[in-house]
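Me: Please take a close look at how the helices pack in one part of this model. I would like the angles, the contacts and the burial, and then any side chains that tie in with that packing.

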Amino acid sequence: MKISLTIFLLLFLICSNSFPQSGGIIPTPEQVISGNGEFTFSKSVKIIAPATFSNSAKLFAGSVADLTGFSPVVTEKGNPSGNITLLADRNINNPESYELKISSSAIEIRAGSEAGIFYGLQSVRQLLITSGSHPIRSQVIKDTPCFRWRGVMLDVSRTFLPINLVKKYIDLFAKYKLNVLHLHLTDDQGWRIEIKHYPLLTEVGSKFDPKFNTMGGYYSQDEIRDLVSFASQRFITIVPEIELPGHVCAALTAYPSLSCSGISPGIHTFFEGPSVHREIFCAGKPEVYEFVFNVLDELAGLFPSEYIHIGGDEAPKDEWKKCSSCQNTMKENGLHNEEELQSYFVKKIGEHLRSKHKILIGWDEIYDGGKLKGDEILMFWRGWKADSVAQAARKGFRIIATPTTHCYFDYNYDNIDTRKIFSYYPVPRNEIPETAGNYIGVQANFWSHIDRSEFNIDKQLFPRIFGLAEAAWTTPANRNWEEFRSAANLNSEYLKSKHVNVYPDKSLH
C-alpha cells in the first residue's frame with residue numbers, strides 16, 4: 001500500500017514541484033516562476049531562429065499579427081536584446097518540452113527539438129491573448145507534457161468535412177498543444193479516402209443513395225499528402241482509421257463479395273437505417289484479408305504515422321455464425337466462439353501492420369476475444385468497461401483513454417461540460433508503477449451524425465478543447481480551476497472574434 005501511494009503521488013506531481021501561477025496559458029505549464037518587469041511586444045521585435053526552427057518561427061509570426069498589429073521578422077542572426085531568440089538545448093530530453101524565459105529586455109525559448117520550440121511559441125501567443133496585447137510580465141516557464149498522446153478524433157465518414165475545415169481544426173488544436181488528429185475515414189455512411197487498388201470504394205462507396213439527397217465526398221491521395229504536410233508543420237500526427245470488421249456498409253456496397261452473404265446493403269444517412277448493420281466483413285474468406293492488406297499498404301504509404309487504427313467496435317456476429325467459411329476458419333484455428341474469431345482477425349491484421357513497421361490501434365472491443373499478441377494499442381471508449389481496461393493495462397497493453405463518460409464531444413454540455421473533461425485523469429488511483437505507464441494518452445471523439453455544419457461542430461468542440469488540452473498535458477496537482485476558467489474565457493472571446501462558434505458553457509461562468 002505504501003508503494004502504491006508513493007507512485008500515485010509521483011504521478012500527480014511528476015510535472016511540478018510547486019503549485020503554478022499559469023499566467024493564462026492553456027494547458028497549464030509544469031512550472032511558472034514570476035519575475036520582475038515586463039516585456040513589451042513592439043514592432044521592432046524580431047524572431048532570431050536557426051534554419052531548423054524557421055517553420056515554427058514563421059507560423060508564430062503570422063499567427064500573432066492580429067494580436068500585435070504586425071508580423072515579427074524572422075532572421076537567423078541578431079542581438080537577443082528586445083527580441084525572441086529560439087535555441088536548441090541538448091539537455092532538454094523530451095522532444096516536446098521547452099523552457100521559456102521572459103525578461104523586460106528579451107524572450108528566450110530553449111528546447112531539444114522543434115516541437116518544443118513550437119509549444120513554447122504557443123505559450124507566448126497565449127500570453128499575448130490573455131494580456132490583451134499589453135506587456136507580458138517577466139517569468140520563467142519550464143514545461144513538459146504528462147501524456148504523449150493528446151488527441152482528437154474527427155468523424156469525416158458520417159459527414160464528409162471539406163479539407164479546409166479539417167485544416168482549420170488542425171491549426172486550432174495545435175495552438176493548445178494537442179498532437180494527434182485521429183481521422184475516422186470509413187463507416188457505414190461513407191468511404192472517404194482514395195484507394196488506387198480499389199477505385200469503387202470512392203466511385204460507389206463515397207456517395208449516399210440519391211433518395212437521401214445528401215452530398216458525399218472523399219479525399220484524393222494528393223489531398224491527404226497535403227493535409228499530412230500541413231499537420232506535421234504544426235506537430236500533429238494524423239492517424240487514419242479504417243473500420244472493420246463492422247461499420248463497413250460503404251465498402252460492401254462497392255464490393256459485396258467481401259461480406260459473408262454477398263449482399264450490397266446500400267449507403268444511407270445515420271438516421272435513415274440501422275445504427276449498427278449486421279453485414280460485416282467475412283472473417284473466413286482469403287480475399288477479405290487480401291483486400292484489407294492492400295488497403296493498409298496504401299495507407300502506410302500515405303501516412304507517416306507509426307499508428308494505423310482499424311476500428312473493431314460494434315461488430316455483430318450473426319452472419320459469422322451462419323457462414324461456412326467463418327466456421328471452418330474457427331475449426332482450423334481452434335477458436336471457440338465468434339469473439340475469438342474477431343480477435344484472430346485483428347491479430348492477423350496486426351501482424352501485417354508490423355511487417356510495414358506500423359502499430360495497430362483498435363477500439364477496446366478488440367481485446368474481448370483474448371487472442372491478441374499484446375503490442376496492439378487499445379482505445380478505451382466504453383466507460384462501463386474501466387475495470388477490464390485496467391486489467392488489460394496490467395497485462396502490458398497500452399491504453400488511450402477516450403471514454404464516453406468524459407471524452408465524447410458529440411454529447412451535449414449537460415452530460416460533458418468543460419469542467420468535466422478538465423478534471424479527467426485516466427490512470428486509476430491504485431495502479432501499480434509497472435503498468436501506470438501503459439496509459440499513454442487522452443483523446444476526445446467527435447462523431448458527426450448529429451452536428452454536421454461547421455457552425456454546429458465548432459460549438460461541440462469549443463470550449464471543451466481547452467479542458468481536453470489540460471487533461472492531456474497537465475497533471476491534476478498542477479491544475480487550478482479558477483485560473484483555467486479565466487484563461488478559457490479569454491481564449492473563448494478571442495476565438496469568437498475569429499468567427500469560431502464557441503458554446504456558452506455554463507461551467508465556465
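Reply:

**Helix packing around H17 and H18**

Helix H17 covers residues 464-473, and helix H18 covers residues 481-497. They pack with their axes 10 Å apart, at an angle of about 135 degrees. Keep in mind that the model is predicted. An angle of 135 degrees lies outside the parallel, antiparallel and perpendicular ranges, so H17 and H18 count as oblique. Their crossing is right-handed. H17 brings Phe466, Gly467 and Glu470 to the contact. H18 answers with Phe484, Ala488, Asn491, Ser492 and Leu495. By class, that contact has 4 nonpolar, 3 polar and 1 charged residues.

Next, burial. How many residues of H17 are buried? The count is 10 of the 10, so H17 is largely enclosed by the rest of the structure. The cut-off is under 20% relative accessible area. The buried set includes Phe466, Gly467 and Glu470, the residues that H17 places against H18. Arg464 and Trp473 are also among the buried residues.

H18 has another partner. Helix H4 (residues 114-130) packs with H18 at about 90 degrees, and the axes are 9 Å apart. That angle falls between 65 and 115, so H4 and H18 are roughly perpendicular. Arg125, Gln126, Ile129 and Thr130 of H4 make the contact with Leu490, Asn491 and Tyr494 of H18. The classes here are 3 nonpolar, 3 polar and 1 charged. Asn491 takes part in the contact with H4 and also in the contact with H17.

Now a further pair. Helix H5 (residues 163-175) packs with helix H16 (residues 454-461). The angle is about 20 degrees, and the axes are 12 Å apart. Since that is under 35 degrees, H5 is roughly parallel to H16. H5 passes H16 in a right-handed crossing. Leu165, Lys168, Tyr169 and Phe173 of H5 form the contact with Glu454, Ile457, Asp458 and Leu461 of H16. By class, there are 5 nonpolar, no polar and 3 charged residues. A general point helps in reading such lists. In an α-helix there are 3.6 residues a turn, so residues three or four places apart point the same way.

Two side chains link this packing to the loops around helix H7. Take Arg234 to begin with. Arg234 is in the loop between H7 and strand E12 (237-241). Is Arg234 buried or exposed? Its relative accessible area is 8%, under the 20% cut-off, so Arg234 is buried. Beyond its sequence neighbours, Arg234 touches Leu59, Phe118, Ile170, Asp171 and Ala174. Phe118 lies within the range of H4; Ile170, Asp171 and Ala174 lie within H5. A polar atom of the Arg234 side chain sits 3.0 Å from the backbone oxygen of Phe230.

Tyr219 is in the loop between helix H6 (200-203) and helix H7 (221-233). Tyr219 is buried too, at a relative accessible area of 1%. Its contacts beyond four places in sequence include Ile163 and Val166, both within H5. Others are Val156, Phe160, Leu161, Leu185, Arg192, Ile193, Glu194 and Ile224. The Tyr219 side chain reaches the backbone oxygen of Leu161 at 2.5 Å. Tyr176 is 43 residues from Tyr219 along the chain, and their C-alpha atoms are separated by 26 Å.

Terms used:
Residues numbered from 1 in each chain as written. Predicted model: local features only at pLDDT ≥ 70, side-chain atom pairs only at ≥ 80, totals over all residues. Heavy atoms only, no water. Helix = DSSP H or I, 4+ residues; strand = E, 2+ residues; numbered from the N terminus. Buried < 20%, exposed > 50% of the residue type's maximum accessible area, 1.4 Å probe, protein only. Contact = heavy atoms within 4.5 Å. Polar contact = N/O pair within 3.5 Å; in protein donor to acceptor, adjacent residues only side chain to side chain. Axes fitted to C-alpha atoms, helices over the stretch in contact; angles between N-to-C directions. Parallel < 35°, antiparallel > 145°, perpendicular 65-115°, else oblique. Left-handed = near helix turned anticlockwise from the far one by under 90°. Nonpolar A, V, L, I, M, F, W, Y, C, P; charged D, E, K, R; others polar.
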